[in-house]
Amino acid sequence: MLQTLHAFFATDGAAVAAVFGTLWRYLAPALALLILWRCAKPLLRFRREPETWAWLVMPDGRQLPVTHWENIIGRSRGCDIIVNFPTVSRSHAVLTRYDDGSWSLTDIGGRGAVSVNGQPVSVCALEYGDRIDLGGVEMMLAPTTAEEVEEQNYYRTKPAKLAWPGLTLLLLTVFQLLTAVQFCITSKPEQVSQAVLAFVVLIGLEWMLFFTLKLLRRSSFEVETIGFFLTTMGLAVIASFRPSAVFKQLVCVVGGIVIYLLIAWSMRDLARAKKFRYVAAVCGFGMLVMTLLLSYVFGWQTNGARSWIYLGSFSLQPSELAKLCFIYVGASTMDRLVTKRNLISFIAYSAATCGCLALMGDFGTALIFFTAFLVIAFLRSGSFATIALACAATGFAGVAALSIRPHIMRRFSTWGHVWEDVQGGGFDQARAMMCVAVGGLFGTGAGNGIFKLQPVQAPDTDYVFAYVCEEWGLIVGVLTVVCIIVLAVFVLRSCVVGRSSFYAIGACAAVTILTVQTMLNVLGTMDILPLTGVTFPFVSNGGSSMLCSWGLLAFIKAADTRQNASLAVKSASAGEVEQYE
């Protein structure tokens, strides 16, 4: 039937096809902008409302709210709970809440002793009503009442009231169906079925996930809708450039959604997540070592990098999956400020990971890992000195790498001089920028671009931004970048009032990886930064990248502090409310 429809558009319906193609060129940016606006509005305009889990009652009767699951108590303005007494250290103790509702208090080396009910402690389980003494200042841990919990839940933001997520997903479905019609017109007869059915299957996947989250009483779907919009643009590129690979990419989308759900499930129990970090550390580093060894044994090398494993016609880039493990290792520490031993261990793990990537010759991915390390290290230590030391060490390592790997220096040599060597080292980037210019604001139409006819390496991966801009126009190309920016701003706003440091650090690291990859891909294409060969999340053709992108989205979703929005946080039940009575 699809081939019959294609034949109609090619003959009797040619005029109709031409009108539709013209209209869709101008309608697509408007519809994409509407979808993004409906996703961004609830993500960026929600009220940042901290949850109160208990109270610290001071000697004068004041009640200080405990708004996180890990709270630094001290005199410094950077502490979660500020006790402004001269005898209290700047960072004195950590008050921690666990999934089962229990509490503990840990001495982190403050100037004065820490005691509970008159007994000096280093680590101690707490009960409501216990007397806590920090440097001679006495306080008591008191529970929130059922009325306070009920009032707090009543006034918390409910995402569905700001923007109906089902309606936004319906608009995205319309966008996908019209895109399928466009490919029914522009695709070759033997490729029509592949292109159109790919979008139909994607529509089915997104609605299945939507109703699954509804069954789990989740009230938001904006983060997932952004992921599906970017995935749609990626499938459009593949359907245009490499139709035979479209179902392979769809399989990876399914795998990515499964990883997304598994990561969300693992984070519903932070004690379980903390134990899983050891498995993640071994798996992440083990995958890199295995890739390095196999690449030398079998001689696998692509563009100077040994970061791929080949299994017949299939290929896998383990470093993409190692990103998820890396975040687990860095984020799942409940005592991030209790001891420096954990931070030192993470620094050593990060150095070993980046060392493996350097030996593979994959310096673009190594840069992404290093940026994520900086974010995690700062959030866990709060020390600019640690970050400065790490940057200095990396600078020396980078100079050494440039001397060992000359092909990297060649990339830097063309940076900023592409138009001076358009037939040599700047050939690919020059063609890419020319196609961006050809596309203009509204593009040539999906499937009508000439970039796929250019003898350019990796137009659907390294230069995918240029591909999108040519066929869909600069407006849609910029909107794909804005999608990542919206996620980044959303994480920054959410993490301030996040429940746990695990969710906050994990989300910040995940969005850092997405943002840095997007910057390197887009700015590298436009010759603003050196070309590093990294993918555009969700959009570039590549199964490993798709699996990683959806996994990263799970960490971002976990940081959502709106009521019943985070998939990682269990919905409050009547029984849980009764425990406050």
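Start by selecting I226, which counts as buried because its relative accessible area is 1% (buried means under 20% relative accessible area, exposed over 50%, partly exposed in between, with a 1.4 Å probe and protein chains only). This is a predicted model, in which local features need pLDDT of at least 70 and side-chain atom pairs count only at pLDDT 80 or more, while totals for chains, interfaces and linings use all residues. Residues are numbered from 1 along each chain as its sequence is written, and side-chain values use heavy atoms, with hydrogens and water left out.

**Around I226**

I226 belongs to helix α7 (helices are DSSP runs of H or I with at least four residues, strands are runs of E with at least two, and both are numbered from the N terminus). Show the residues in contact with I226, where contact means heavy atoms within 4.5 Å. Leaving aside neighbours within four places in sequence, these are C39, L43, C483, V486 and L487. Then add L172 to the selection: the C-alpha atoms of I226 and L172 are separated by 9.6 Å, with the two positions 54 residues apart along the chain.

**The whole of α7**

Extend the selection to residues 222-241, which make up α7. The helix has 20 residues and reaches 29 Å from its first C-alpha to its last, close to the 28 Å expected at 1.5 Å a residue; the expected span is 1.5 Å times one less than the number of residues. How many of the 20 residues of α7 are buried? The count is 19, so α7 is largely enclosed by the rest of the structure.

**α7 against α16**

Now add helix α16, residues 464-472. The axes of α7 and α16 come within 10 Å and cross at roughly 85°. Axes here are lines fitted to C-alpha atoms, for helices over the stretch in contact, and angles run from 0 to 180 degrees between N-to-C directions. The two helices are therefore roughly perpendicular to each other (65 to 115 degrees; under 35 counts as roughly parallel, over 145 as roughly antiparallel and the rest as oblique).

To see the contact itself, select M233, A236, V237, S240 and F241 on the α7 side, and V464, Y467, V468, E471 and W472 on the α16 side. By class, this contact has 8 nonpolar, 1 polar and 1 charged residues. Ala, Val, Leu, Ile, Met, Phe, Trp, Tyr, Cys and Pro count as nonpolar, Asp, Glu, Lys and Arg as charged, and the others, Gly among them, as polar.

**E470 and T461**

Stay on α16 and pick E470. Is E470 buried or exposed? It is buried, with a relative accessible area of 1%. Beyond four places in sequence, E470 is in contact with C435, V438, G439, G443, T444, G449, I450 and F451.

Next, go to T461 in the loop between α15 (427-439) and α16. T461 counts as buried at 17% relative accessibility. Not counting residues up to four places away in sequence, T461 touches N521, S540 and N541.

**Two positive phi angles**

Select F538, in the loop between α18 (501-525) and α19 (543-558). Its phi is near 70°, a positive value in a residue other than glycine. F538 is buried, with a relative accessible area of 1%.

Then move to N117, in the loop between β7 (114-116) and β8 (119-120). N117 is not a glycine either, and it has a positive phi of about 55°. At 34% relative accessibility, N117 counts as partly exposed.

**Cysteines**

Taking a disulfide as a pair of cysteine sulfur atoms within 2.5 Å, the count comes to 0. Select C39, which is in no disulfide; the nearest cysteine sulfur belongs to C483 and is 7.5 Å away. C39 counts as buried at 1% relative accessibility. C79 is buried as well, with a relative accessible area of 9%.

**S319 in α10**

Go to S319, in helix α10 (residues 318-331). S319 counts as buried at 1% relative accessibility. Outside four places in sequence, S319 touches L288, L357, D362, T365 and F369. The C-alpha atoms of S319 and A366, 47 residues apart along the chain, lie 9.2 Å from each other.

**Zoom out**

Finally, show the entire protein, with its 20 helices and 13 strands. Of its 581 residues, 57% count as buried. Among contacts between residues at least 6 apart in sequence, 69% join residues at least 24 apart.
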